[in-house]
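Hello,

Here is the structure you were going to look at next. My notes on what turned up in it follow below.

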Amino acid sequence: APRPLQPPREYSTASGFLARLWWYPAEEANGGHERRARDQSSIGEAIGETIGKTERQHREPSREMAMLLGLVPVVGSARVTSHCSPLKRTPTSASSRLRWIRHGCGHGYAAGAKRGDAVIVAAAFTPAGAKIAGVGMAVPTQYLTNEDLSKLVETNDEWIRSRTGIGKRHVISGDESLTSLAADASKKALEMAGINAEDLDLILLATSSPDDIFGSACTVQAAIGAKGALAFDVTAACSGFVVGMVNGVHFIRGGEYKNVLVIGADVLSRYVDWRDRGTCILFGDGCGAMVLTATEKVEDCCLLGFDMHSDGVGNHHLTAKFFNEAGEGGGGGVSSKPDAVEGAASGRGAFCNISMNGQDVFKFAVRAVPDTVSKSLVRAELEASDIDHLVLHQANQRIIDGAAKKLGLSKDKVVSNIEKYGNTSAGSVPIALAEAVEEGRIKKGDVVATAGFGAGLTWASAILRW
């Protein structure tokens, strides 16, 4: 079997459009090593036999077989940055004669190739760029103002606004659900994009509060009629939409998907203790969606740079742990539900209300947000002054203002709607984007910096060209 050669880390994690590379050492060209696939039915056997013989004899394959396999001998080495620009730097190295290339650079033998050059197999698909084609948002009809909360807990409008910037938050009621909100937002995004749901290839639903423990992406798929799309959930809490969007771009970058729907939605009102002043003032329900479509040119990709992180050591700062009537939860209680006594073995399992160490989460966000945005800017080869709009997770107005100040951005570049919606978790960034587009603030060609941060702990950022 041929020996696998792993690509550099920054290439494999950033681009994703090379599925697999194999290499074969070649020393002497041998005219007697000419071999063709004998017929259509035995082509697989002929390829395997030729590769095996090539590997054993350390010889170059025939020109015909090289063209069949897509082998391209090249010299030197290349480095790919972690954004969607084409190859920018191709330094040569005396110690390495292998050059990493993209599919589409040609088949057969490159001009000027020399004996002993490494040979690689290019991916069997054509890479593409991704562009933002449409956005949409949806929030529940019912909402709670700060005055409403003052009837539930000891608080008032001035106290909440001065500490969070929040004036009201929407909560689901009646027949509303995460699926219904996500379907509504998705339909608006599809309408803006001019794409039918049947033409979607992939649906990524970023959420921590699905309607079903097995996920809600498939129910959203059914609700909008996207029969041909693969659909699955992504769980990264308040960073979920940014993480999902970066993944959506890379599915398109791989060349196999053309239309991707990325949704950020949460209905955390289900997991809020509405008698806990520390959390009930913060969270609301809502959903935003974005449609990504393929571009013919890789360099037209909307994703200019990104940065993503997790730190499970800080997980305990923001949780909603599982608990069941048998007494299990958070590592305590009985060891096994089937072994529970009396009716507990048939008891229902559920998740606890949200528990948050507010001060530690605030300190984490103030530190992490400017840092991750700065790293994404470096990878996009841009400066903070190039940012037209800063769209952060709407968790706290003081966090948003602090990040903007550290980045040196004026208030007119900051998109904030936390006053109207509160913290909608994975829904906050796409809701803010959709509203800014609807208001005419974000326009084609604008550079938009986005970032999410929250439970996990997770934090992520992306620089987009609208």
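A word on terms before we start: two strands are called paired here if DSSP finds at least two bridges between them. Please also keep in mind that this is a predicted model.

**One sheet**

With that in hand, take the sheet whose five strands come in the order S5-S11-S10-S8-S9. This sheet is open, and its pairing is mixed. Strands of a sheet pair through backbone hydrogen bonds, either parallel or antiparallel. Strand S5 (129-138) and strand S9 (230-234) are at the edges and have a single partner strand each, so one side of each is left without a neighbour in the sheet. From one strand to the next, the twist averages 20 degrees.

Inside this sheet, nine bridges hold strand S10 (residues 259-267) and strand S11 (residues 285-295) together in the antiparallel sense. If you want a spot to zoom in on, Ile 263 stands opposite Ala 289 in S11. Helix H6 (residues 178-193) lies across S5, strand S8 (202-206), S10 and S11, and runs at about 130 degrees to S5.

**Another sheet**

Five strands also form an open sheet in the order S12-S20-S19-S17-S18, with mixed pairing. The edges here are strand S12 (303-310) and strand S18 (414-415); each has a single partner strand, so one side of each is left without a neighbour in the sheet. Strand S17 (residues 389-392) and strand S19 (residues 447-454) run parallel and are joined by four bridges. Leu 390 stands opposite Ala 449 in S19.

Helix H10 (residues 358-380) lies across S12, S17, S19 and strand S20 (458-465), at about 40 degrees to S20.

**Two pockets**

How much space lies in the largest pocket? About 650 Å³. It is lined by 25 residues, and the closest to its centre are Ser 208, Thr 235, Leu 268, Ala 320 and Phe 351. By class, that lining has 13 nonpolar, eight polar and four charged residues.

The second largest pocket holds about 510 Å³ of space. Its lining has 26 residues, with Leu 282, Met 356, Gly 358, Phe 362 and Asn 396 nearest the centre. Which helix gives the largest share of this lining? That is H10, with five residues. Helix H5 (157-164), helix H9 (277-280), helix H11 (397-407) and S19 are also among the elements that supply at least two residues each. The classes in this lining are 13 nonpolar, nine polar and four charged.

**An aromatic pair**

Across the whole structure, a search finds four aromatic pairs. One of them is formed by Phe 322 and Phe 351, which meet edge-to-face at 5.8 Å centre to centre, with 75 degrees between the planes. This pair links distant parts of the chain, 29 residues apart: Phe 322 belongs to strand S14 (residues 322-324) and Phe 351 to strand S15 (residues 349-351). You have met Phe 351 already, among the residues closest to the centre of the largest pocket.

**Two backbone details**

Most residues other than glycine have a negative phi, and most peptide bonds are trans. Glu 381, in the loop between H10 and S17, has a positive phi of about 60 degrees although it is not a glycine. The peptide bond from Gly 456 to Leu 457 is cis, with omega near -5 degrees, and Leu 457 lies in the loop between S19 and S20.

Happy browsing, and all the best!

Key
Residues numbered from 1 in each chain as written. Predicted model: local features only at pLDDT ≥ 70, side-chain atom pairs only at ≥ 80, totals over all residues. Heavy atoms only, no water. Contact = heavy atoms within 4.5 Å. Axes fitted to C-alpha atoms, helices over the stretch in contact; angles between N-to-C directions. 1 Å grid on protein atoms, 1.4 Å probe; cavity = no way out; pocket = protein on both sides within 12 Å on 5 of 7 lines; lining within 4 Å. Points joined across faces, edges and corners; volume = space filled by probe spheres on them. Nonpolar A, V, L, I, M, F, W, Y, C, P; charged D, E, K, R; others polar. Phe/Tyr/Trp six-rings, centres within 6.5 Å; stacked < 30°, edge-to-face > 60°.
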